[in-house]
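Biologist: Could you take me through one part of this model closely, and then set it beside the other packing arrangements and the contact between the chains?

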Amino acid sequence: MSEPRMPIESGVPEMEPYLHPVLKKNYGEWAWHERLRPGVLRHVAKSGDSIWTVRAGTQRQMDVYTIRKLMDIADEFAEGYVRFTIRSNIEYMVGDESKVQPLIDKLNEEGFPIGGTGPSVSMISHTQGWLHCDIPGTDASGAVKALMDDLYDEFVKEEMPNRVRITTSCCQINCGGQGDIAINIQHTKPPKIDHSQVANVCERPSVVARCPVAAIRPAMVNGKPSLEVDEKKCICCGACFPPCPPMQINDPEHSKFAIWVGGKNSNARSKPTFHKLVAAGVPNNPPRWPEVSTVVKQILSAYKEDAKDWERIGEWADRIGWPKFFEKTGLPFTKYHIDNWRGGRSNLNASAHIRF
Amino acid sequence: MAKQMHDTPMLDQLESGPWPSFVTGLKRLAKDNDMMVDLLGQLETSYETRKGYWKGGTVGVIGYGGGIIPRFTELKGDDGVALFPAAAEFHTLRVMPPPGMHYDTDTIRKFCDIWEKYGSGLIAFHGQSGDIMFQGCTTDNVQPAFDEINEMGFDLGGAGPAVRTGMSCVGAARCENSCFDEGRTMRMLVNNALDDMHRPALPYKFKYKVSGCPNDCMNSVQRADLATIGTWRDDMKVDQDEVKSFVAEKGRKYVIDNVITRCPTQALSLNDDDTLAVDNPSCVRCMHCINVMNKALSPGDDKGVTLLCGGKRTLKIGDLMGTVIVPFMKLESDEDFETLEELATEILDFFAENALEHERTGEMIERIGLVNFLEGVGLEIDPNMIERPRMNPYVRMDGWDEEASKWAERKAQ
């Protein structure tokens with residue numbers, strides 16, 4: 001028997017070998033940039049060099065044939081280099097302006113939309129969903145594909161007041177991330193416990209410790225050690241499910257989408273913010289989740305119509321006031337919008353600032 | 001020879017519409033890959049029943065404790081046999097990309113060849129923690145697939161209670177707002193902690209993210225245990241000729257409405273001659289005016305970084321933003337990088353020793369208080385760390401005089 005191969009613990013690779021030559025030459029020496037059209041940027045270096053970037057949307061989960069096609073395009077038009085954005089768009093850097101239009105034409109011909117820059121709706125960052133996650137309440141790639149079909153025009157155009165970043169997560173852990181609009185599954189019923197399995201697969205004290213509201217306690221059920229949930233206390237967060245799969249939280253009928261708005265990580269103008277609940281009870285309805293699209297489009301259309309240039313969705317809502325936000329989007333305001341979680345009192349209105 | 005395709009009426013609907021379809025990709029792979037045939041079968045079942053059918057397990061490569069996401073099907077018949085046996089094992093290899101996610105086509109083609117040989121042929125560029133995700137591998141093929149990827153110069157990323165794969169923005173490679181060398185910083189931070197990445201033994205995950213300026217394109221403030229965000233401490237740079245051209249092109253009203261009045265601290269004013277006056281001590285470096293007038297305005301020359309600690313999402317106590325722990329640090333010389341590396345090590349060690357199981361840095365800081373954390377890692381307090389001073393009077397302050405004299409000493413330095 002041969003010696004096992006030990007890994008080369010090389011860590012994060014060097015960036016330099018993978019940089020387009022114009023980027024390598026002008027590293028740290030860029031002067032300014034402009035957006036020539038949706039999806040196309042021109043960066044100008046202090047040396048006078050220019051690089052054109054063409055940004056295309058992808059499906060993120062790509063088969064090798066699609067990837068090789070994208071690489072053929074890079075070899076033909078972009079000197080054999082590409083990069084990916086945080087939202088799984090592919091970017092081609094082009095040193096020669098005359099290749100920009102042919103590159104756009106080629107990408108469009110192959111079915112890849114050009115856009116996602118500036119005040120557009122860029123590709124939705126998302127989680128794994130039914131394709132690969134072990135705790136998913138819904139699919140992610142499918143829901144995103146359906147939504148991006150509906151928002152296609154907003155990707156290839158730059159007609160929003162400011163950029164719109166949407167995220168989708170298949171549970172409240174929210175791996176998909178914070179966004180101007182965050183679309184997440186919300187469980188609405190406590191976990192259903194398979195008591196015959198708990199003792200076999202769950203480390204009970206760590207499950208008890210995981211619960212944020214102390215609703216789980218050890219119990220003997222049918223003569224076997226198990227766990228029980230105080231259903232009045234339970235907030236249906238699902239935190240118990242990953243360490244204890246017999247505490248099934250996903251429910252084909254009762255796990256619904258909740259939609260949140262106003263998340264922003266940039267420091268531009270206002271400080272970074274987390275997204276806030278605006279809609280819930282939206283059905284988890286594959287394969288196209290039309291009810292989700294409807295709510296998202298309602299929000300986007302009110303924002304597009306009413307916000308000022310450069311206002312992100314949260315900044316717009318803060319300016320016009322949240323009562324007006326619900327009025328303009330047509331979404332119902334319910335008792336569930338009023339925060340009662342730890343520290344939630346700071347979200348209540350302690351002033352006479354009221355718009356009539 | 002691939003097996004017979006399953007009927008997938010629901011997934012088929014995701015092949016229509018203008019956006020690129022992952023289902024079309026899966027089907028193309030399924031033409032000569034049985035794993036993909038059965039993956040489509042299981043996924044279609046999920047669409048019908050609205051349930052997921054994967055469970056985790058333990059699969060790894062020799063020498064490492066993490067980096068592979070094991071997935072075994074739970075969709076089995078009464079006899080315990082998988083209904084979609086060719087996709088019964090569907091593991092993912094998390095592989096760290098170069099900073100900024102730059103590639104040459106040759107490298108990506110080699111990835112494709114390896115993944116066609118050992119895996120399903122499905123690759124995600126990239127997962128939410130920044131990894132290239134090679135999705136769909138049997139237990140037996142994980143090791144040989146990793147060996148070939150590893151020989152190319154790529155390494156597994158993090159999973160489980162470990163240092164996770166880092167992310168950095170495009171930064172100095174293509175952005176005029178870059179305030180430091182983001183790529184070098186990310187490599188330094190992650191590679192310094194490889195043992196804690198490859199052999200998970202921390203209380204919970206620990207993430208580094210690196211953004212070159214306060215636009216924070218990597219979302220580090222909300223998602224990183226240690227966020228490194230570029231900034232500057234001298235005056236921002238103004239090219240008054242370019243300001244004048246911008247005003248001439250866009251008009252005074254546009255500039256007043258979209259630049260001057262949008263400044264969060266009212267540090268800007270448009271002069272009568274269409275030049276820009278900047279009250280730099282009031283500027284909070286939010287980036288807005290620079291974003292709008294990027295040809296005329298740019299970050300200053302005395303650049304560095306702000307460090308924030310403790311950002312995370314929901315589990316377990318709800319969302320937490322990172323908190324400023326170092327308002328400004330130079331990051332230019334080798335010594336500067338060593339200083340950051342040492343501080344990052346201190347923070348990681350403190351987290352490893354003091355956090356409870358399944359507790360992130362932000363939750364740990366909330367539990368023990370920022371001051372205890374700062375003392376633990378050897379950082380001085382600074383008024384930039386707070387939104388506002390304490391409002392609650394229930395505190396013992398018998399050490400006040402001593403603390404006040406510490407402040408006076410620091411001011412005198």
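Modeller: In this predicted model, the span of residues 160-380 of chain B has its end C-alpha atoms 32 Å apart, and 37% of the span is helix and 17% strand. These residues are listed by UniProt, in an unreviewed entry, as "domain: Nitrite/sulphite reductase 4Fe-4S".

Within chain B, helix α6 (residues 182-191) packs against helix α12 (residues 334-354) at an angle of about 40°, the axes being 10 Å apart. The two helices α6(B) and α12(B) are therefore oblique to each other, since an angle of this kind falls outside the ranges that count as roughly parallel (under 35 degrees), roughly perpendicular (65 to 115) or roughly antiparallel (over 145). Their crossing is right-handed. On the side of α6(B), the residues that take part are B:Arg184, B:Thr185, B:Met188 and B:Leu189, and they meet B:Asp334, B:Phe337, B:Leu340, B:Glu341 and B:Ala344 of α12(B). By class, this contact of α6(B) with α12(B) holds five nonpolar residues, one polar and three charged.

Two helix pairs of chain A can be set beside this one. Helix α2 (residues 64-77) and helix α3 (residues 100-109) of chain A have axes that come within 10 Å and cross at roughly 165°, which makes α2(A) roughly antiparallel to α3(A). The crossing of α2(A) with α3(A) is right-handed, and it is formed by A:Leu70, A:Ile73, A:Glu76 and A:Phe77 of α2(A) together with A:Pro102, A:Leu103, A:Lys106 and A:Leu107 of α3(A). Six of the residues in this contact are nonpolar and two are charged, with no polar residue.

In the other pair, helix α9 (residues 313-320) and helix α10 (residues 322-329) of chain A, the axes come within 6 Å and cross at roughly 110°, and α9(A) and α10(A) are therefore roughly perpendicular to each other. Here A:Trp316, A:Ala317, A:Asp318 and A:Ile320 of α9(A) are in contact with A:Trp322, A:Lys324, A:Phe325, A:Lys328 and A:Thr329 of α10(A); the classes are five nonpolar, one polar and three charged.

As for the contact between the chains, 118 residues of chain B touch 112 residues of chain A, and the two chains bury about 10,400 Å² between them, of which 56% lies on carbon and sulfur atoms. Of the area that chain B buries against chain A, B:Trp19, B:Arg50 and B:Arg174 supply 10%, more than any other three residues.

Note on methods:
Residues numbered from 1 in each chain as written. Chains lettered and ligands numbered in written order. Predicted model: local features only at pLDDT ≥ 70, side-chain atom pairs only at ≥ 80, totals over all residues. Heavy atoms only, no water. Axes fitted to C-alpha atoms, helices over the stretch in contact; angles between N-to-C directions. Helix = DSSP H or I, 4+ residues; strand = E, 2+ residues; numbered from the N terminus. Left-handed = near helix turned anticlockwise from the far one by under 90°. Contact = heavy atoms within 4.5 Å. Nonpolar A, V, L, I, M, F, W, Y, C, P; charged D, E, K, R; others polar. UniProt positions renumbered as here; feature names shortened; annotations may be inferred. Buried area = accessible area lost by both parts, 1.4 Å probe.
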